[in-house]
Amino acid sequence: MSAAVIDVLRGTDPAGVPQAPVAPHDALADDDLQLALWTMYELHYRGFHEVADSWEWEPRLLVLRRELEEMLLAALHTEVTVPRDTRRVADRLRSLVDSDDGPPLSRYLQTHADRAQWMQFVAHRSVYQLKEADPHTWAVPRLPARAKAALVEIQIDEYGGGDPAQMHSELFRVLLTELGLDGEYGGYVDVVPGITLAISNVMSMFGLRRELRGALVGHLAAYEMTSSEPCRRYAKGLRRVGASDAACAFYDVHVTADALHEQLAAHDLCGGLAEAEPELTEDILFGAAACLAVDNRFARHVLDSWNADRSSLRTAHGLMTAVS
Ligand SMILES: [Fe+2]
Ligand SMILES: [Fe+2]
């Protein structure tokens with residue numbers, strides 16, 4: 001199906017848009033579904049050189065995207081359960097994050113991973129990190145004042161505070177380049193598995209559908225609340241394999257930035273939205289839990305691959321030689 005989507009986008013005839021397939025057994029990690037979704041979502045970001053921009057709002061494509069999104073959303077609801085209680089949203093987010101015991105990927109990268117494994121990890125992460133913060137920006141016009149102010153304060157840092165070189169996506173490009181990898185936007189989409197694409201796709205789905213704005217800000221809160229300490233470990237691991245300070249800057253800045261962002265995100269962004277629209281509270285928690293669940297699935301995939309002496313990337317591609 002993803003091949004059919006890519007084929008049809010190269011032309012101009014919407015009649016060629018494929019029908020949605022039956023839902024795959026594991027939509028979250030399904031390579032074909034995730035690649036098809038990623039491809040359609042990219043029309044809302046930067047598009048493709050050989051694809052007409054008008055495809056972005058082509059109704060038949062939106063019908064297909066919507067059906068695939070429903071499969072992804074159903075898979076997330078199956079994967080995630082959020083205990084209900086009556087405490088403030090920031091306290092509930094804190095409990096959710098504290099009770100999460102995901103696979104120890106950041107510890108492995110700190111203490112064990114060799115340079116080749118680091119290259120794989122960075123190739124996976126490049127799919128999202130080269131557009132870091134963009135999906136959450138879609139929430140800005142949809143939020144009440146207090147939540148909006150908090151989100152904008154976070155995003156200003158993500159976008160470098162007016163300095164393009166300090167933009168987090170640009171810091172990640174420096175890391176890719178130093179490791180001898182391709183810094184081109186989307187450069188590793190062909191070699192990453194579905195679960196890596198799902199990390200981006202979940203954010204795009206939450207970002208593009210206003211009805212999921214609660215989930216989007218909850219997602220950002222969980223992301224920020226689980227970033228600072230792992231980033232400290234990543235920076236140590238990268239230096240252990242010989243990376244320079246410039247290459248480590250991406251992780252170094254997140255150690256301090258995200259310690260502040262997590263407060264803003266939990267208390268002012270999520271707290272501000274829940275205060276103004278209390279009916280979105282459970283969506284906020286769902287988005288946070290979804291963030292943790294997808295990231296844990298990704299970490300499990302990577303560690304299982306490495307424990308079995310396999311590459312964590314898909315193998316049938318020439319680029320593998322660079323990062324295997
Ligand atoms: Fe960031
Ligand atoms: Fe951040």
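In this predicted model, the iron ion (ligand 1) takes its protein donors from Glu-132 (OE), Glu-158 (OE), His-168 (ND1) and His-254 (NE2), which lie 1.8 to 2.1 Å from it; donors are N, O and S atoms within 2.8 Å of the metal (3.2 Å for Na, K and Ca), and water is not among the atoms, so sites may look incomplete. Local features need pLDDT of at least 70 and side-chain atom pairs count only at pLDDT 80 or more, while totals for chains, interfaces and linings use all residues. Residues are numbered from 1 along each chain as its sequence is written, and side-chain values use heavy atoms, with hydrogens and water left out.

**Iron site**
- The four donor atoms around the iron ion (ligand 1) subtend angles of 82 to 169°, which makes the arrangement irregular.
- Along the chain, the donors of this ion follow the spacing E-x25-E-x9-H-x85-H.
- Glu-158 also bridges the iron ion (ligand 1) and the iron ion (ligand 2), which lie 3.9 Å apart.
- Both Glu-132 and Glu-158 count as buried at 4% relative accessibility, where buried means under 20% relative accessible area (1.4 Å probe, protein chains only).

**Helix packing**
- Helix 10 (residues 194-208) and helix 11 (residues 213-225) pack at an angle of about 135°, with their axes 7 Å apart.
- Helix 10 passes helix 11 in a left-handed crossing, and the contact (heavy atoms within 4.5 Å) is made by Val-202, Met-203, Phe-206 and Gly-207 of helix 10 together with Arg-213, Ala-215, Leu-216 and His-219 of helix 11.

Methods
Chains lettered and ligands numbered in written order. Tetrahedral: all angles 85-135°; square planar, octahedral: opposite > 155°, others 65-115°. Buried < 20%, exposed > 50% of the residue type's maximum accessible area, 1.4 Å probe, protein only. Axes fitted to C-alpha atoms, helices over the stretch in contact; angles between N-to-C directions. Helix = DSSP H or I, 4+ residues; strand = E, 2+ residues; numbered from the N terminus. Left-handed = near helix turned anticlockwise from the far one by under 90°.
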